[in-house]
Structures are given as structure tokens and as C-alpha cells.
Amino acid sequence: MTFRARHLLGIEHLAPEEIRTLLDLAETYVDLNRRTIKKTDVLAGMTQINMFFEASTRTQASFELAGKRLGADVMNMAVAQSSVKKGETLIDTALTLNAMHPDLLVVRHGNSGAVDLLAQKVNCAVLNAGDGRHEHPTQALLDALTIRRAKGRLHRLTVAICGDIAHSRVARSNLLLLGKMENRVRLIGPPTLMPSGVADLGCEVYEDMRAGLEGADVVMMLRLQKERMDGGFIPSEREYFHRYGLDAEKLAHARDDAIVMHPGPMNRGVEIDGTLADDINRSVIQEQVEMGVAVRMAAMELLARNLKAERGREAAGVMV
């Protein structure tokens, strides 16, 4: 199995074979998670600390469940509402954590690059659970696993990512991963919700949703990141749904077997029609949640393997 990374900070530095290795391992955890007894001892004796400077119920729960099913000692640090922000304070936090000798550190932070900074200051493996507008790697990986299971492959597909591209780290991570796996990616949304330099991202850009969905294999809707907006990016939620909300009429422009995705939490009637979100024949939104636990288990196992190997080499060097 090929997976060389010491940390999982983003998709950008993962090679295609590393992505395939992680997804293949995650497949085995999908099976495990559907059994009556779901626990293993892969991370027995190891400590996992979850630090969420931003609140995220589903991502934190998924990481916590993943760690416990792998047999790790899991601790959640309630820092989302604390005075800890960035800079020196963040470095002090990292040094304090490092003194506790954790093995896996899961971090979500509102500032881009904050997780990378923490990774530079600790001796354990760090997993990025989302940082600012930068990346959300495990979300892209669970989306990839969901797509691969639904479509039978993860290459040469047409994937439409629709909505608030500018504020979405999910869109960035998915764009990177899908590009590495040789897919055709389309970004759909109003100009006010497109990032600057979007033309240089190696994808197609559409303002008209129906044109962008034409012939798509996968339709990935995004949540409006209203907490990250500081201006009038959309005229109204009603108008946004009329132009960019996914309903049966717009979806009809995609392929007949196209799947519908959403990273959650959903704003029904704004980004997606509620009936369509619950359509068991088209929607794989609940499968995404299930794949999230399996992918995070796989990521932590692979990082733990590399960490143990590194510590073994260091110990051997000291003994010599």
C-alpha cells in the first residue's frame, strides 16, 4: 500500500496512488461499520485529540466515532467558543498539546493555514478537518469514495460543483482531487460566488446552471456559506433557489443516472429541493455521511502506520 504522507493537511500534495490506497482501505471499513461489532484495535494505546476552533457537529462526531472504532483514546477539546484565535496564541496551544504526547491531532480552524502551522509545531500526525477557505481533505475523500461506489469508477466522469464556490473549502479540495483522477470538472454559480482567478483552476465555469448540468454524471451542491459572507453576494434566497437551487427540472439536464451530492448541512429550498434531497434513486447524501466515518478511519490508520514507522526508525537510531 502506497501512502507516504506524515500529515493529512490537504489534497494538493497527495499522489493519485495515495488517494487510491486510502479509498481502498476505507472500503474495508465500510464493511466493518455495517457489522454488529464495529471495533478494532488498530489504534490501541494511541491518543487522538480533536480540536475544533469552529463548531461542526457532523465532522467532529465522524472523527470521534472513527477514532473510537479504531480503539484510540479520544479526547475532544472544547475550543470553538474560547479566546484562542491565531498567531502566538495558536503556537502556545500547539506546544501545550505537544507536551501531552498525542499521536493524532484533528484540527478545524477558521483561518486558512492555521492547521499547517500547528503541524509544524507538534510531533504527532495532524489531520485537517477544515481550515478557512483553504481545504477540507477528508470531505473530498469521502465524496470520492461515494462517487466511486455509485458510478463504479473515479475517472473520466463529468462532475458539476454548484453554488458558493468562493467560500467553499469543500469545492477546492474536490476540485484538486477530481482533477488528479482525470475527471472533467465544471463550476456553476453566480459571478459573485466565484473565486478570483477561477479561469486558472483547470475547470469549466458556468453562470447558467442548466448549461452547466448538461450531461453531468455527478451533481455536487454546496451550502451557502453565509457566515463567511460580508456583503450582498445574492439578491435573496428565493431568487438564488430560482437560478441555482437544484430541482427536478434543472437536474433533468444531467445524465439520467446522475447522482446528487451535498456535504451538509443542507438549506432545503435554498440550495436543493427537499424532495430531491430525499430521493433514494438519485441522492447519495446519506451515503456521504456513512463514507465519512470509513474514510476518516482509513486516514488515521495510514497516518498512524507512518508515525509508528518514523518513531521506530528514531528509536533504532538512538539505540545505535
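1. Where is the place of Pro265? In this predicted model, Pro265 sits in the loop between β9 (259-261) and α10 (274-277). The peptide bond that joins Gly264 and Pro265 is cis, with omega at about -10°. For context, most peptide bonds are trans.

2. Both partners of that cis bond, Gly264 and Pro265, also appear in the UniProt record. The record, an unreviewed entry, gives the feature "binding site" at Arg58, Thr59, Arg108, His136, Gln139, Gly264 and Pro265. In the model, the lining of the largest pocket includes Arg58, Thr59, Arg108, His136, Gln139, Gly264 and Pro265.

3. Two of the annotated residues can be placed on named elements. Arg108 belongs to strand β3 (residues 104-109). Gln139 is in helix α5, where it is one of the residues that meet α6. Gln139 therefore deserves a look from two sides: the UniProt record lists it under "binding site", and it takes part in a helix contact.4. Helix α5 (residues 137-151) packs against helix α6 (residues 169-180) with the axes 8 Å apart and an angle of about 55°. The two helices are therefore oblique to each other, and their crossing is right-handed.

5. On the α5 side, the residues in this contact are Pro137, Gln139, Ala140, Leu141, Asp143, Ala144 and Ile147. They meet Val170, Ser173, Asn174, Leu177 and Leu178 of α6. By class, the contact of α5 with α6 has 8 nonpolar, 3 polar and 1 charged residues.

6. Helix α1 (residues 16-33) also packs with α5: the axes come within 10 Å and cross at roughly 70°. This makes α1 roughly perpendicular to α5. From α1, the contact draws on Ile19, Arg20, Leu22, Leu23, Asp24, Ala26, Glu27 and Val30. Their partners in α5 are Leu141, Ala144, Leu145, Arg148 and Arg149. The class count for the contact of α1 with α5 is 8 nonpolar, no polar and 5 charged.

7. Leu141 and Ala144 of α5 appear in both helix contacts, meeting residues of α6 and residues of α1.

8. One backbone point remains. Arg156 is not a glycine, yet has a positive phi of about 55°. Most residues other than glycine have a negative phi. Arg156 is found in the loop between α5 and β5 (158-162).

Terms used
Residues numbered from 1 in each chain as written. Predicted model: local features only at pLDDT ≥ 70, side-chain atom pairs only at ≥ 80, totals over all residues. Heavy atoms only, no water. Axes fitted to C-alpha atoms, helices over the stretch in contact; angles between N-to-C directions. Helix = DSSP H or I, 4+ residues; strand = E, 2+ residues; numbered from the N terminus. Parallel < 35°, antiparallel > 145°, perpendicular 65-115°, else oblique. Left-handed = near helix turned anticlockwise from the far one by under 90°. Contact = heavy atoms within 4.5 Å. Nonpolar A, V, L, I, M, F, W, Y, C, P; charged D, E, K, R; others polar. UniProt positions renumbered as here; feature names shortened; annotations may be inferred. 1 Å grid on protein atoms, 1.4 Å probe; cavity = no way out; pocket = protein on both sides within 12 Å on 5 of 7 lines; lining within 4 Å.
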